[in-house]
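Here is a report on the strands and pockets of one chain. The model is predicted.

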Amino acid sequence: MRGTTCLRFVLITAAALLAVGSVACGPRVEPADLVLTNGHIATVDLATPTAQAIAVRDGKVEAVGTVAEIKAYIGQKTEVIDLQGRFAMPAFTESHAHFMGVGAAKLNLELMKAQNWDEIVAKVAEAAKTKKPGEWILGRGWHQEKWDRVPAGAVEGFPTHDLLSKAAPDNPVFLTHASGHATIANAKAMELAGVTRATRNPSGGEILKDRAGNPIGVFRERASGLVGRALSAGLAKRTPEQVEADAVREAEMADREYIS
């Protein structure tokens, strides 16, 4: 009887030691700074596309998994947010860059580094060689105050459309200022927009004109919408397949730029 009792004690002690050992040898993780739990989380990982919870440390995703799995990352100082079934996904914090606009800009003429108006005209002339008659040539980034010289015949420091119209006589050209608050168009673009010397300034915008009253091609603020509507009318002629293909291409170009 006494021997049986001793055997039971040894077995119980051994089991307890094994249990302690298994706990001591189990996976240990450092507490996360933030845990989002009880949600529907998109992981952007094809192998495990969704998860119930996520742990974040030092601004980086530490782990994703079930509520039970991520519970191990909760420490005394961990901020825990119960999503209560809400959706969450990783994302960039960006500074008002207009994601699709970034992609569109990469597909058009990049004019920010141009040293003067002549360089921009040359870029347009080169682009016209690859365009069919009637196709729009778009660009963005020019800034007259950053050029190394004032264009000949400038009005208030802005160039006139004359050289631009000669560079691409059969293509409408529409170039947006670096600020986004002004544009310059060539004669073909203004023709499609119906802009003449008789065209009045729209509310909140200005058609810049020379001393003779002729539009020089520069449009400030809401006046840019006059040419913008002509551009939209041209884009509206695309097929649904072309619209989707263009959007996908813009998104891909923006994605590459952001990653870079």
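## Open sheet

Three strands make an open sheet with mixed pairing, and their order is 3-2-7. Strand 3 (50–51) and strand 7 (87–88) are the edge strands. Each has a single partner strand, so one side of each has no neighbour in the sheet.

Strand 2 and strand 3 are antiparallel and share two bridges. Ala42 faces Thr50 in strand 3.

## Hairpin

Strand 4 and strand 5 also run antiparallel, joined by five bridges. Ala53 stands opposite Gly65 in strand 5. The two strands form a hairpin, with two residues between them. Asp58 sits in the turn and has a positive phi of about 55 degrees.

## Second largest pocket

Where does the lining of the second largest pocket get at least two residues from one strand? Strand 2 (40–42), strand 4 (53–57) and strand 5 (60–65) each supply that many. Strand 5 gives the largest share, three residues. Both hairpin strands, 4 and 5, are thus named among the contributors.

The second largest pocket holds about 290 Å³ of space. It is lined by 14 residues. Ile54, Val61, Met89, Pro90 and Ala91 are the closest to its centre. By class, the lining of this pocket has eleven nonpolar residues, two polar and one charged.

## Largest pocket

The largest pocket has a volume of about 1,800 Å³. Its lining counts 48 residues. Nearest the centre of the largest pocket lie Ala104, Leu107, Asn108, Leu138 and Gly139.

Helices and strands both feed this lining with two or more residues per element. The helices are helix 3 (99–107), helix 4 (117–128), helix 6 (187–193), helix 7 (224–235) and helix 8 (240–259). The strands are strand 8 (109–110), strand 9 (137–142) and strand 10 (173–177). Which element gives the most to the lining of the largest pocket? Helix 7 does, with eight residues.

## Chemistry of the linings

The lining of the largest pocket divides into 19 nonpolar, 15 polar and 14 charged residues. In the lining of the second largest pocket, one residue is charged, two are polar and eleven are nonpolar.

Technical notes:
Residues numbered from 1 in each chain as written. Predicted model: local features only at pLDDT ≥ 70, side-chain atom pairs only at ≥ 80, totals over all residues. Heavy atoms only, no water. 1 Å grid on protein atoms, 1.4 Å probe; cavity = no way out; pocket = protein on both sides within 12 Å on 5 of 7 lines; lining within 4 Å. Points joined across faces, edges and corners; volume = space filled by probe spheres on them. Nonpolar A, V, L, I, M, F, W, Y, C, P; charged D, E, K, R; others polar. Pairing = 2+ DSSP bridges.
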